[in-house]
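Q: Hi! I have a structure open and would love some help finding my way around. Can we go through it bit by bit?

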Amino acid sequence: MLAGKLRIGLAEQSVLIALAHASVQFHKLKVSSSESEDMPEVIMKSAFNSLPNYEIIIPKLIQYGIYELPRHCGMVPGIPLKPMLAHPTKSLSQVFDRFENLAFSCEYKYDGERAQIHRLSDGKCFIYSRNSENMSQKYPDIMEKLSLIVTPEKTESFILDCEVVAWDSTAGKILPFQILSTRKRKDVTVDSVQVQVVLFAFDLLYLNGESLLRTSLRERRTLLHSHFLEVPNEFYFAKSIDSTSVEDIQIFLDEAVQSSCEGLMVKTLDEEASYEPSKRSRNWLKVKKDYLDGIGDSLDLVVMGGYIGRGKRTGGYGGFLLGCYDPDNEEYQVICKLGTGFSEADLERMTTELKPHVLPSGPKPYYRFGESVKPDVWFDSVCVWEVKAADFSISPIYTAAWGLIESGKGISLRFPRYIRDRTGEKGPEDATTSQQVAELYEQQALASNGNNVSGQVEEDDYY
């Protein structure tokens, strides 16, 4: 279990619930039923979200018990948090409906790599990915300049939430994510850097020994702007406007697209505006420039199988079987076949990267698929790809979100296309969930005035 070799690594939430119940039994505690926030499972999950380290939490749990845990387990610079995530929305009217009568902020949504910057009180700094991977060696150029962005007399320790973006310093403009993805991940030195990057900071989670998770976004942003300094071609604050008007969102969205951004992040400023680690919250909504067409949000899917290429794709894989993740049942559910969106060079690279992960004995027991959907080879659940599609379809063949929309049927993607590899950023359990697939389908149905797209997916739809 500890090595992550049991099933898909033993679901984290199951471990946390078990620890909470064990503490109650160990200390012979009475469980409060008056407030849901006082429930042991809720306390345990909240503490772990702030300090995701069992080596620290479990001794405190044994010593103080579950109800005292929040007092003794707070954020610590050097231990990365799972970031807060935004909920996708398909139209600006949905954004305004959600934030009606609330003050909100619109930020540029940068097309880069999420980065959590930590500085300890002794001056040591670290950069972590959204998947809690230490990226400090990948970005030595950022590490070298971190001392320039703080006001030294006021800032000792901090945790920043940022986006690393490829940057053209001559033109002073953002470059596409595809440029950033060419940057080396290991053995990088400042002199060897060929792709320059810039940091865009949009949130401050911890400052000078104090957690800011419970404070409002307006307060966190005020502290961010007063304790850090913009440095041209190195560090900027995310561009934003505060508003209560849906017209402002449309104008700002157009500006974001013209500035080479993906779209906007819309966030509550004062009410329900705390930072919620490891949660996809409706207090943050994202609107991408291509949300107004097709399915809206892109999906991050796990590569479960491959189809041997034919014709000019002979010698490698010509198509792939992808799946979403169901955290309740701890299984991967197939959602579509994918055969478009990549170049011949991409296919060659994918074939090389996937061959070590072939499962000679067949699919894992936690792969859910129908008898009519079987690839030529099965892969271990390692690679995560971002995929876009024309729309969703009810399917008796594919098992994604099985039974959540229609009994005895799942959901599939029509005309999916490959966007990019997100394996370095996301683990397989961070992939799009079956519940999210069902929610996106429902959004599509609402946008179509109730005229659901349904029917069996044709076998060649993915081409």
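Q: Which residue in β7 does valine 164 stand opposite?
A: Valine 164 stands opposite leucine 199. Keep in mind that this is a predicted model, so everything we discuss is computed from it.

Q: Cool. How many bridges do β5 and β7 share, and in which sense do they pair?
A: Nine bridges, in the antiparallel sense. Strand β5 covers residues 158-168.

Q: What about β7 and β9? In which sense do those two pair?
A: Those two pair in the parallel sense, over three bridges. β9 is a short label to look for at residues 235-237. One bridge to spot is alanine 201 with its partner in β9, phenylalanine 237.

Q: And β8, how does that one pair with β7?
A: β7 and β8 are antiparallel, with two bridges. Strand β8 is residues 210-211, and tyrosine 206 stands opposite serine 211 there.

Q: How many residues sit between β7 and β8 in their hairpin?
A: Two residues. Asparagine 208 is in that turn, and its phi is positive, about 50°.

Q: How many of β7's residues are buried?
A: Eleven of its eleven residues are buried.

Q: Where else can I look for a positive phi outside glycine?
A: Try glutamate 330, which has a phi of about 55° and is not a glycine. Glutamate 330 is in the loop between β14 (317-326) and β15 (331-338). Alanine 401 is another such residue, with phi near 55°. Its loop lies between β19 (391-395) and β20 (410-414).

Q: Why does glutamate 330 count as buried?
A: Because its relative accessibility is 13%, and buried means under 20%.

Q: Is alanine 401 buried or exposed?
A: Alanine 401 is buried, with a relative accessible area of 2%.

Q: Now a lysine: is lysine 186 buried or exposed?
A: Lysine 186 is exposed, because its relative accessible area is 64% and the cut-off for exposed is over 50%. You can find lysine 186 in the loop between α7 (177-180) and β7 (197-207).

Q: How far is lysine 186 from proline 428?
A: Their C-alpha atoms are separated by 22 Å. Along the chain, the two residues are 242 residues apart.

Q: Let's switch to helices. Which residues of α2 are buried?
A: In α2 (residues 40-50), the buried ones are Pro40, Ile43, Met44, Ala47, Phe48 and Ser50. They cover an arc of only 160° around the axis, so they are on the same side of α2.

Q: Why would residues a few places apart point the same way?
A: An α-helix has 3.6 residues a turn, so residues three or four places apart point the same way.

Q: What do the buried residues of α2 pack against?
A: They pack against α1 (12-27), α3 (54-64) and α4 (69-72).

Q: There's also a sheet with β1 in it. What is the strand order?
A: The order is β1-β12-β11-β2-β10, an open sheet of five strands with mixed pairing. The edge strands are β1 (85-88) and β10 (240-243), and each pairs on one side only. On average, neighbouring strands here are turned by 35° against each other, direction ignored.

Q: Which helix packs on that sheet?
A: Helix α8 (residues 217-227) does, touching β2 (104-109), β10, β11 (263-268) and β12. The direction of α8 makes about 145° with that of β10.

Q: How do β1 and β12 run, and how many bridges join them?
A: They run parallel, joined by four bridges. In one bridge, leucine 85 has arginine 280 of β12 as its partner.

Q: Last topic, the rings! How many aromatic pairs are there?
A: A search of the whole structure finds 25. One of them is tyrosine 366 with tyrosine 367, which is edge-to-face: 5.7 Å centre to centre, with 80° between the planes. Both of these tyrosines are buried.

Q: Which residues form an aromatic cluster?
A: Tyr108, Tyr110, Trp167, Phe200, Tyr236 and Phe252 form one cluster.

Q: And what lies over the face of tryptophan 284?
A: Lysine 267 does, at 3.8 Å from the ring centre. You can also look at arginine 420, whose charged end sits over the ring of phenylalanine 177, 3.8 Å from its centre.

Methods. Residues numbered from 1 in each chain as written. Predicted model: local features only at pLDDT ≥ 70, side-chain atom pairs only at ≥ 80, totals over all residues. Heavy atoms only, no water. Buried < 20%, exposed > 50% of the residue type's maximum accessible area, 1.4 Å probe, protein only. Arc of directions from axis to C-beta. Contact = heavy atoms within 4.5 Å. Pairing = 2+ DSSP bridges. Axes fitted to C-alpha atoms, helices over the stretch in contact; angles between N-to-C directions. Phe/Tyr/Trp six-rings, centres within 6.5 Å; stacked < 30°, edge-to-face > 60°. Lys NZ or Arg CZ within 6 Å of the ring centre and 35° of its normal.
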